[in-house]
Amino acid sequence: MNAAQSAGGGIARFARTLVSPRGAVYLLLVVLLVVVAVLNPTFAEPGQFVRYIQRVAPIAIVAIGQYFVIVSGEFDLSQGSLVTTQVVLAGTLIGQDDEKALPVLLLLVVLGTAVGVVNGLVTTLLRVPSFIVTLGMMLALYGGVMWWTGGAATGNPADSFRQIGRGGIDGLPVIGMLPWAVVILAAALALAAWLSKRPFGRTLIAIGDNPSAGVFAGASVWRTKTAAFVISSLSATVAGVLLVGYAGVHPSVGRGYEFTAITAVVLGGVVLGGGRGSVWGALAGAFALETLFTLLNFTSVPSTMRDAIQGAIIIAAVAYSGIAFGGRRRRSGGAHEPPRVTTGPEPTGSTPSPDPAGTVAARGAHTKENRS
């Protein structure tokens, strides 16, 4: 009887996880993959499925980078324009000279790092909202690209550089070819998952949940958030390099990537405002979103509906998270409300707190609860 009760409790917990904001995306992804495979049986073939992962890899990498920014309580709207900038730079500067590939690749990394540093420092040290900072960076980068190219396709990088996005390891059994894009996605995911488990990732979540408590614990908010913006920009750089080979060189190749990444991250259960979420959820959100668009293509839904669907997904996912986490707080009786942070002396006539250590314990318990 105890074994049966234990099994029943385990099934109930698993079911609750699947319908929670963090678990629902995995259930959605499985359902979408099954539906697409039913409508197009070749989609489930190993070789075709690997090609599908290759197509999703750029947006999945961008979503992983966006995760680090959103979980810290910020936004990065400059990713799409940075992707476009990197693609155009590669196409224009490399040309057909293979010897320029490595120097230009290093230049792209430096540019991506610089954009992330500027976004991070202006947001944290000058206290300008990240929405405004990255919106300005998005417009500056996109305006510069349009001015430089005149709005037309430009450049054609050497085939050796384009092989990063379109080539791979040939002659493998079952799948035929393992694209470099899939290998790079796996490496990016492994690095991101490792970072999220390190003190950096835990500090990022703590800062996103309660910046005041993070400062009280000795965390460097400006350094941690700036590093998150750098990771986001470097993820856009990697996606740009892949898109040079996969999608070609055009000034609009990265347009809308920032909104797609944000949609994927929110769909993956990462809470806008920071403090909750996982890299795996962001990855699953990216795959679920792209699988949904693939399904819409199979069912002849106009591509012009894509933006409307993304907007509806963002609203629904945020609303669902708010309802789920709000209900959890009400059931706990508000026990995990963040403590009041005193920034100055107590007002005259007030009774000072008899137990300052209790405040510290409350902050630690609150941060621990939200991270779990």
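**Exercise 1. A charged pair**

Is E74 buried or exposed? Then find its charged partner and place both residues in the fold.

*Solution.* The model is predicted.

Step 1. Take the accessibility of E74. Its relative accessibility is 13%. Buried means under 20%, so E74 counts as buried.

Step 2. Recall the principle. Side chains of opposite charge can pair when their charged atoms come close.

Step 3. Find the partner. E74 forms a salt bridge with K225. The closest N and O atoms are 2.6 Å apart. K225 lies in helix α11, residues 221-246, and E74 in the loop between α3 (46-70) and α4, so the pair ties together parts that are 151 residues apart in sequence.

Step 4. Check the other end. K225 has a relative accessible area of 9%, so this residue is buried too.

Step 5. Count. A search of the whole structure finds one salt bridge.

**Exercise 2. The hairpin**

Describe how β1 and β2 pair, and locate the residue with a positive phi between them.

*Solution.*

Step 1. Set the strands. β1 covers residues 168-172 and β2 covers residues 176-179. The two run antiparallel. Three bridges join them.

Step 2. Read the register. G168 stands opposite P179 in β2. I169 stands opposite L178 in β2.

Step 3. Look at the turn. The hairpin has three residues between the strands. V174 is found in this loop between β1 and β2.

Step 4. Check the backbone. Most residues other than glycine have a negative phi. V174 is not a glycine, yet its phi is positive, at about 70 degrees.

Step 5. Check the exposure. V174 has 71% relative accessibility, so it counts as exposed.

**Exercise 3. Another positive phi**

Where is R127 found, and is this residue buried or exposed?

*Solution.*

Step 1. Locate R127. It is found in the loop between α5 and α6.

Step 2. Read its phi. The value is near 60 degrees, which is positive in a residue other than glycine.

Step 3. Read its accessibility. The figure is 72%, so R127 counts as exposed.

**Exercise 4. Two surface patches**

Name the residues of the negative patch and of the nonpolar patch, then place some of their members.

*Solution.*

Step 1. Take the charges. D97, D98, E99 and D159 gather in a patch of negative charge on the surface.

Step 2. Place D97. It sits in the loop between α4 (79-94) and α5 (101-124). Its relative accessible area is 31%, so D97 is partly exposed. Patch members need over 30%.

Step 3. Take the nonpolar side chains. L27, V31, V35, L39 and F298 form a nonpolar patch on the surface. Together they have about 400 Å² of accessible area.

Step 4. Find the main contributor. Helix α2, residues 24-39, gives the most, with four residues. One of the patch residues in α2 is L39. With a relative accessible area of 48%, L39 is partly exposed.

Step 5. Place F298. This residue lies in helix α13, residues 279-298. Its relative accessible area is 37%, so F298 is partly exposed.

Step 6. Add a distance. F298 and V36 are 262 residues apart along the chain. Their C-alpha atoms are separated by 8.0 Å.

**Exercise 5. Buried residues and distant partners**

For G165 and M137, give the helix, the burial and a residue that is distant in sequence.

*Solution.*

Step 1. Place G165. Its helix is α7, residues 159-166.

Step 2. Judge its burial. The relative accessible area is 2%, so G165 is buried.

Step 3. Find its partner in space. G165 and L243 are 78 residues apart in sequence. The C-alpha to C-alpha distance is 6.1 Å.

Step 4. Place M137. Its helix is α6, residues 130-149.

Step 5. Judge its burial. M137 has 16% relative accessibility, so it counts as buried. The cut-off is under 20%.

Step 6. Find its partner in space. M137 and L77 are 60 residues apart in sequence. Their C-alpha atoms are 8.0 Å apart.

Conventions. Residues numbered from 1 in each chain as written. Predicted model: local features only at pLDDT ≥ 70, side-chain atom pairs only at ≥ 80, totals over all residues. Heavy atoms only, no water. Patch = residues over 30% accessible without salt bridge, like charges linked within 9 Å, V, L, I, M, F, W, Y side chains within 5 Å. Areas by Shrake-Rupley, 256 points an atom, 1.4 Å probe, with all protein chains shown as cover. Salt bridge = Lys/Arg side-chain N within 4 Å of Asp/Glu carboxyl O. Lys, Arg positive; Asp, Glu negative; His and termini not counted. Charge placed at Lys NZ, Arg CZ, Asp CG, Glu CD. Buried < 20%, exposed > 50% of the residue type's maximum accessible area, 1.4 Å probe, protein only. Pairing = 2+ DSSP bridges.
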